[in-house]
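Subject: Structure for your review

Dear colleague,

Please find the structure below, together with its sequence. I would be grateful if you would read the notes that follow alongside it.

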Amino acid sequence: MNKDKMEGKMKDVAGRVQRQAGEWTGDTEQQLKGTGKEVEGKLQEGMGKLEDAGKKAVEDIKDRARQMEDKKQRPKTEDEQDIEKEGAA
């Protein structure tokens, strides 16, 4: 879990508490501030998730490229060599 996801979740929870406290006390200003914190927290958490997804996608692409490169560099099996010979004939 990255920093943005953790901080976003904490802001979301803090906002919920603040909003709820405002509802219990009838303080509309606190309700609005709490709702604002919730939204900010959810956005920050979403950005953290997006960042994680981007990093994972890059790693997956790198892994796939390595796999393709490994296939190019490995020696051909006898069966693969026979198939090539048959195709050339």
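The notes below go from the overall form to individual residues.

This is a predicted model, in which local features need pLDDT of at least 70 and side-chain atom pairs count only at pLDDT 80 or more, while totals for chains, interfaces and linings use all residues. Residues are numbered from 1 along each chain as its sequence is written, and side-chain values use heavy atoms, with hydrogens and water left out.

Overall form

The protein chain has three helices and zero strands, where helices (H or I, at least four residues) and strands (E, at least two) are DSSP runs numbered from the N terminus. Read from the N terminus, the order of elements is α-α-α. The C-alpha atoms occupy a box of roughly 90 × 20 × 15 Å along the principal axes. The radius of gyration is 27 Å, against a value near 12 Å for a compact globule of 89 residues; the radius is taken over C-alpha atoms, and the globule rule is 2.2 Å times the number of residues to the power 0.38.

Of the 89 residues, 15% are buried (buried means under 20% relative accessible area, exposed over 50%, and partly exposed in between, with a 1.4 Å probe and protein chains only). Among contacts between residues at least 6 apart in sequence, 59% join residues at least 24 apart, a contact being heavy atoms within 4.5 Å.

Helix 1

Helix 1 covers residues 3-25, which is 23 residues, and spans 33 Å from its first C-alpha to its last, close to the 33 Å expected at 1.5 Å a residue; the expected span is 1.5 Å times one less than the number of residues. At its N-terminal end, asparagine 2 acts as a cap, with a side-chain oxygen 3.1 Å from the backbone nitrogen of aspartate 4. After the helix comes glycine 26, with a positive phi near 75°. The buried residues of helix 1 include Gly8, Asp12, Gly15 and Gly22.

Salt bridges

There are 12 salt bridges in the structure, each defined as a side-chain nitrogen of Lys or Arg within 4 Å of a carboxyl oxygen of Asp or Glu. One of them joins aspartate 12 and lysine 42 at 3.4 Å, N to O. This pair links distant parts of the chain, with aspartate 12 in helix 1 and lysine 42 in helix 2, 30 residues apart. Aspartate 12 is buried, at a relative accessible area of 1%, whereas lysine 42 is partly exposed at 44%. Together with Arg16, Asp12 and Lys42 form a network of salt bridges.

Another bridge, between arginine 19 and glutamate 23, is 2.9 Å from N to O. Both residues lie in helix 1, four residues apart, or about one turn. Arginine 19 is partly exposed at 24%, and glutamate 23 is partly exposed at 39%.

In helix 2, aspartate 63 and arginine 66 meet in a salt bridge of 2.6 Å, N to O. These two are three residues apart, about one helical turn.

Glutamate 45

Glutamate 45 belongs to helix 2, residues 28-73. What is the nearest side chain of opposite charge to this buried residue? The answer is lysine 49, 4.1 Å away, and glutamate 45 has no salt bridge. For charge, Lys and Arg count as positive and Asp and Glu as negative, with His and the chain ends not counted. Beyond neighbours within four places in sequence, glutamate 45 is in contact with Asp4, Lys5, Gly8 and Lys9. Among these, Lys5 and Gly8 are themselves buried residues of helix 1.

Yours sincerely

How values were computed. Polar contact = N/O pair within 3.5 Å; in protein donor to acceptor, adjacent residues only side chain to side chain.
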